[in-house]
Amino acid sequence: MTVAFFSGKGRRIGVALGAVSAGLLVLSACDKPTPLATVTVGDNSVSTEAACYNDGDALKESEIQGCLNKKADKTVKVAMDDKVHFGVDPEVADHGWTLFINGQQAEQEPYKKTYRTIPGSAFFASQTGETTSSKTQVSVVETKGQKLTGVWHFQLTKTS
């Protein structure tokens with residue numbers, strides 16, 4: 001003679017609680033994702049997580065140059081007459097962010113809004129107005145005062 005210790009409903013509840021517990025355990029082992037930066041040209045939008053990020057704290061001085069020199073994983077095609085839209089998470093905008101072009105700071109003051117638009121020609125013309133290379137790496141760099149706290153990379157490829 002066998003005796004059921006749990007009813008069918010009790011077993012189902014026990015299994016469900018076990019599954020939820022296991023799921024929470026797995027999620028607690030995951031790292032929090034970094035904020036996203038996005039580039040949009042026309043109807044093509046590309047987002048990426050940070051190449052370097054320290055949960056909003058300053059990056060180590062010894063890491064900064066290596067972070068700025070990392071190659072972009074995401075590529076966006078841009079015509080000279082396109083408008084390039086950059087967007088960042090609100091927490092990045094709160095600290096301020098600036099653009100670096102091919103590893104060089106392109107702006108003096110950090111931008112404090114989540115979204116901005118720049119003409120595509122700005123990324124492929126030299127200071128004399130001549131067209132330069134067909135590829136440009138643009139980095140979105142989060143700042144906190146004089147410290148760099150995050151770096152996101154995109155490659156812009158010129159189309160005809």
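Me: In which loop is the place of Asn102, and what makes its neighbours there strands?

Reply: Asn102 has its place in the loop between strand 6 and strand 7 (104–105). Those flanking elements are DSSP runs: a strand is E over at least two residues, a helix is H or I over at least four, and both are numbered from the N terminus. This is a predicted model, in which local features need pLDDT of at least 70 and side-chain atom pairs count only at pLDDT 80 or more, while totals for chains, interfaces and linings use all residues. Residues are numbered from 1 along each chain as its sequence is written, and side-chain values use heavy atoms, leaving out hydrogens and water.

Me: Why is Asn102 called partly exposed?

Reply: Its relative accessible area is 48%. Buried means under 20%, exposed means over 50%, and partly exposed is what lies in between (1.4 Å probe, protein chains only). The 48% of Asn102 falls in that middle range, so partly exposed is the right label.

Me: What makes the phi of Asn102 worth a look?

Reply: Phi of Asn102 is near 50°, which is positive although the residue is not glycine. Most residues other than glycine have a negative phi. Asp55 also has a positive phi, near 50°, and is not glycine either.

Me: Where does Asp55 lie, and is it buried or exposed?

Reply: Asp55 lies in the loop between strand 3 and helix 2. With a relative accessible area of 60%, Asp55 is over the upper limit and therefore exposed.

Me: How do you know that Cys52 and Cys67 form a disulfide?

Reply: Their sulfur atoms are 2.0 Å apart. A disulfide is a pair of cysteine sulfur atoms within 2.5 Å, so this pair qualifies. Searching the whole structure turns up one disulfide. The pair links distant parts of the chain, 15 residues apart: Cys52 is in strand 3 (residues 52–53) and Cys67 in helix 2 (residues 61–69). The link is left-handed, with -100° about the S-S bond.

Me: Why are Cys52 and Cys67 called buried?

Reply: Cys52 has 8% relative accessibility, and Cys67 has a relative accessible area of 4%. Both values are under the buried limit, so the label fits both cysteines.

Me: What makes the link between the side chains of His85 and Tyr115 a polar contact?

Reply: The two side chains come to 2.8 Å. A polar contact is a pair of N or O atoms within 3.5 Å; within protein, one must be able to donate a hydrogen and the other to accept it, and residues adjacent in sequence count only if both atoms are side-chain atoms. At 2.8 Å, the pair is therefore inside the distance limit. The side chain of His85 also makes a polar contact with that of Thr117, at 2.8 Å.

Me: Where is His85 found, and why does it count as buried?

Reply: His85 is found in strand 5 (residues 83–88). Its relative accessibility is 18%, so it counts as buried. Beyond four places in sequence, His85 is in contact (heavy atoms within 4.5 Å) with residues including Thr38, Val39, Thr40 and Arg116.

Me: Why is Thr48 buried while Asn44 is partly exposed?

Reply: Thr48 has a relative accessible area of 12%, so it is buried. Asn44 has 32% relative accessibility, so it is partly exposed. Thr48 is in strand 2 (residues 44–49), and Asn44 is in strand 2 as well. Leaving out residues up to four places away, Thr48 touches Pro35, Leu36, Ala37, Lys74, Trp152, His153 and Phe154, whereas Asn44 touches Val39 and Val76.

Me: What is the class make-up of the lining of the largest pocket?

Reply: The lining has four nonpolar, six polar and two charged residues. Ala, Val, Leu, Ile, Met, Phe, Trp, Tyr, Cys and Pro count as nonpolar, Asp, Glu, Lys and Arg as charged, and the others, Gly among them, as polar. Among the lining residues are Glu61, Phe100, Gly145 and Lys147. Helix 2, strand 6 (97–101) and strand 10 (147–158) are the elements that give two or more residues to that lining.

Me: What makes a space a pocket?

Reply: On a 1 Å grid over the protein atoms alone, a pocket is an open set of points with protein on both sides within 12 Å along at least five of seven lines, whereas a cavity is a set where a 1.4 Å probe fits but cannot get out; lining residues have an atom within 4 Å of a point. About 250 Å³ of space lies in the largest pocket, the volume being the space filled by probe spheres set on points joined across faces, edges and corners.
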